[in-house]
Amino acid sequence: MSDIDIKNAAQAAAQRSIDAVRAKDKEAWVNNFADDGCIEDPVGKSPLDPTGNGHRGKAAISAFWDMCIATGNVDFRIRESYPVSDIACANVGSILNKMGNMSIEAKGVFIYHVNADGKVTNLRAYWDFDSTMAAAQKG
């Protein structure tokens, strides 16, 4: 089942990312990125990225998986997806993460840029770390 009505290469890459996370397939997820790909999730400085420069390159992307994805049960709710030519898409929705007895919902806009090979060159997740963590629910 597709979460996105795929109309361009960036939407296809976004769907591959979602599918790999749901399958807990780190290798497929990391390989969905270009060698010099970058994740900014969330965009700007946060405890997940103290410098605010993002996680660049396959080693950093792999480490991001270990820190943020492998530690919980992650799922997605994509309400809308907007293709931009063939190089980008903007997905509006939520990333849900259940870690132990904590449920976190990051509501935001998630922008994927891809290269000519359909590999993600940049994933920018626009959501607010502090308000998301303040709204996290135990139980």
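Two strands are taken to pair if DSSP finds at least two bridges between them, and in this predicted model strand 5 and strand 6 meet that condition, being joined by 6 bridges and running antiparallel. One of the residue pairs in this arrangement is I111 with R124, the latter being the bridge partner in strand 6. The two strands form a hairpin that has 5 residues between them, and within the turn G118 has a positive phi of about 80°.

Strand 5 takes part in further pairings. With strand 4 it pairs in the antiparallel sense over 12 bridges, and here the bridge partner of S94 is K107 in strand 5. Strand 4 and strand 5 also form a hairpin, with 2 residues between the strands, in which G100 takes a positive phi near 60°. Strand 5 is joined as well to strand 7, residues 137-138, by 2 bridges in an antiparallel arrangement, where M102 has K138 as its bridge partner.

From strand 6 the pairing can be followed to strand 1, since 4 bridges join these two strands, which run parallel. I39 illustrates the link, its bridge partner in strand 6 being L123. Strand 1 also pairs with strand 2, residues 55-56, this time in the antiparallel sense and over 2 bridges; C38 has R56 as its bridge partner there. Because 6 of the 8 residues of strand 1 are buried, this strand is largely enclosed by the rest of the structure.

The interior can be described through the largest nonpolar core, which has 30 residues, and in which V21, W29, F33, I69, Y112 and V120 touch the most other members. At least two residues of this core come from each of several elements, including helix 1 (9-22), helix 2 (26-31), helix 3 (58-69), strand 1 (33-40) and strand 3 (73-84), and likewise from strand 4 (88-99), strand 5 (102-114) and strand 6 (120-126). Helix 1 provides the largest share, 6 residues.

F33 gives a more detailed view of these surroundings: when residues up to four places away in sequence are not counted, F33 touches I39, K58, I61, K119, V120 and L123. Two of the residues in that list, I39 and L123, are also the bridge partners that link strand 1 with strand 6.

On the helical side, S62 is found in helix 3. Is S62 buried or exposed? Its relative accessibility is 19%, and S62 therefore counts as buried, since the limit for that class is under 20% relative accessible area. Leaving aside neighbours within four places in sequence, S62 is in contact with K26 and V30.

The cysteines deserve a separate look. The structure holds 0 disulfides, and C38 is accordingly in none, the nearest cysteine sulfur, that of C68, being 13 Å away. C38 is nevertheless buried, with a relative accessible area of 0%. Why does C89 not form a bond with the closest cysteine sulfur? The sulfur of C89 lies 16 Å from that closest sulfur, which is in C38, and this is too far for a bond, because a disulfide requires cysteine sulfur atoms within 2.5 Å. C89, too, counts as buried, at 1% relative accessibility.

Methods:
Residues numbered from 1 in each chain as written. Predicted model: local features only at pLDDT ≥ 70, side-chain atom pairs only at ≥ 80, totals over all residues. Heavy atoms only, no water. Core = buried A, V, L, I, M, F, W, Y, C linked by side-chain atoms within 4.5 Å. Buried < 20%, exposed > 50% of the residue type's maximum accessible area, 1.4 Å probe, protein only. Contact = heavy atoms within 4.5 Å.
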